[in-house]
Amino acid sequence: MQVSFYELPASAQAADNALMAHIVELISSNYQQRQYLTVLCSDKKHAEAIDEYIWQQPPNLFIAHNLLGEGPANGSPVEITWLSALDSHAIRNKKLVINVSNQFLPTFASYQHVVDFVPGDETLKMAARERYKQYKQAGCRMVFVNADEHSN
C-alpha cells in the first residue's frame, strides 16, 4: 500500500488554494483514467465545500461526483465523504483515497493508495508528521511530494 504526502505552501491562504487545486488535479487525472476514488474530509461542511469547488470548475473539466448518500445507488466515480460518516458507511472507492481530514486512517490497509497533505500551519504540520510516521511504521510505501514542484 502506498501513501503519498504532498507538502503545501507555508502561508495559510496559499496552502488552502494549493490544497483545493491539488485535490481537483488528482481527481481530474484519475477520473480521466476512469479510476474511481474517494475524497475523505474532516466533516460534512468541509465535504460540501469541496463538492461546491468541483462544481465550479469549467464545463470541459466536468467530473462526475457526489457527496456520500447522494447520486446513483452504485455511487459515482468520485465520492466525497467525511469522518463521522465512516461509522455507518464504508468507503466504496478503495483504489485511491484523498485524505483531507487531517486524521490517520485506521483502515488504511483497505485501500491501494492514500494521498495526504502537509499543511503550512505548524500545528497541522506536526499532525501530518505523526500520520506519516504511523503509516511508515505500518509498513506502507511512503512518497513525499513538494506540491509546488508537482503542479502543472
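## Surface and overall build

The accessible surface of the protein chain comes to about 8200 Å², and 50% of that surface belongs to carbon and sulfur atoms. The structure shown here is a predicted model, and the values in this report should be read with that in mind. Taken along the principal axes, the C-alpha atoms of the protein chain fill a box of roughly 40 × 30 × 30 Å. Of the 152 residues in the protein chain, 44% are buried.

The protein chain holds four helices and seven strands, and a reader who follows the sequence meets them in the pattern β-α-β-α-β-β-β-β-α-β-α. The radius of gyration of the protein chain is 15 Å, close to the 15 Å that the globule rule gives for 152 residues, so the chain is as compact as a globular protein of that length. Among the contacts in the protein chain with a separation of 6 or more, 63% are between residues 24 or more positions apart.

## How strand 1 is paired

Strand 1, which covers residues 2-7, runs parallel to strand 6, and six bridges join the two. A pair of residues that can be found in the structure illustrates this, since Val3 stands opposite Val114 in strand 6.

Strand 1 also pairs with strand 7 (residues 141-146), again in the parallel sense and over six bridges. Here Ser4 can serve as the example, as its bridge partner in strand 7 is Val143.

## The nonpolar cores

The largest nonpolar core has 28 residues, and those with the most contacts inside it are Ile23, Ile27, Val39, Ile50, Ile98, Val100 and Phe117. Several elements give two or more residues to this core, namely helix 1 (12-32), strand 2 (37-41), helix 2 (44-55), strand 4 (78-82), strand 5 (96-99) and strand 6. Helix 1 supplies the largest share of this core, with seven residues. A second, separate core has 13 residues, including Leu40, Ile91, Tyr111 and Ala128.

What does Val39 touch, if residues up to four places away in sequence are not counted? The contacts of Val39 are with Ile27, Ile50, Val78, Glu79, Ile80, Thr81, Ile98 and Val100. Of these, Ile27, Ile50, Ile98 and Val100 are also listed, as Val39 is, among the residues with the most contacts inside the largest core.

## A histidine in helix 1

His22 has its place in helix 1. Is this residue, His22, buried or exposed? With a relative accessible area of 3%, His22 falls under the 20% limit, and it is therefore counted as buried. His22 and Tyr6 are 16 residues apart in sequence, while the distance between them in space is 8.8 Å from C-alpha to C-alpha.

## A salt bridge between buried residues

The model has three salt bridges. In one of them the side chains of Asp116 and Arg131 meet, with a distance of 2.9 Å from N to O. This pair links distant parts of the chain, since Asp116 lies in strand 6 (residues 113-118) and Arg131 lies in helix 3 (residues 122-137), 15 residues apart.

Both partners can be checked for their cover. Asp116 is buried, with a relative accessible area of 0%, and Arg131 is buried too, with a relative accessible area of 3%.

## Two salt bridges within helix 3

Lys125 forms a salt bridge with Glu122, and the closest N and O atoms of this pair are 3.6 Å apart. Because Lys125 and Glu122 are three residues apart in helix 3, they are separated by about one helical turn. The two partners differ in how they are covered, for Lys125 is buried, with a relative accessible area of 15%, whereas Glu122 is partly exposed, with a relative accessible area of 48%.

Lys133 forms a salt bridge with Glu130, the closest N and O atoms lying 3.4 Å apart. Lys133 and Glu130 are likewise three residues apart in helix 3, so about one helical turn separates them. In this pair Lys133 is partly exposed, with a relative accessible area of 42%, and Glu130 also counts as partly exposed, at 38% relative accessibility.

Note on methods. Residues numbered from 1 in each chain as written. Predicted model: local features only at pLDDT ≥ 70, side-chain atom pairs only at ≥ 80, totals over all residues. Heavy atoms only, no water. Salt bridge = Lys/Arg side-chain N within 4 Å of Asp/Glu carboxyl O. Buried < 20%, exposed > 50% of the residue type's maximum accessible area, 1.4 Å probe, protein only. Core = buried A, V, L, I, M, F, W, Y, C linked by side-chain atoms within 4.5 Å. Contact = heavy atoms within 4.5 Å. Pairing = 2+ DSSP bridges. Rg over C-alpha atoms; globule rule 2.2 N^0.38 Å. Areas by Shrake-Rupley, 256 points an atom, 1.4 Å probe, with all protein chains shown as cover.
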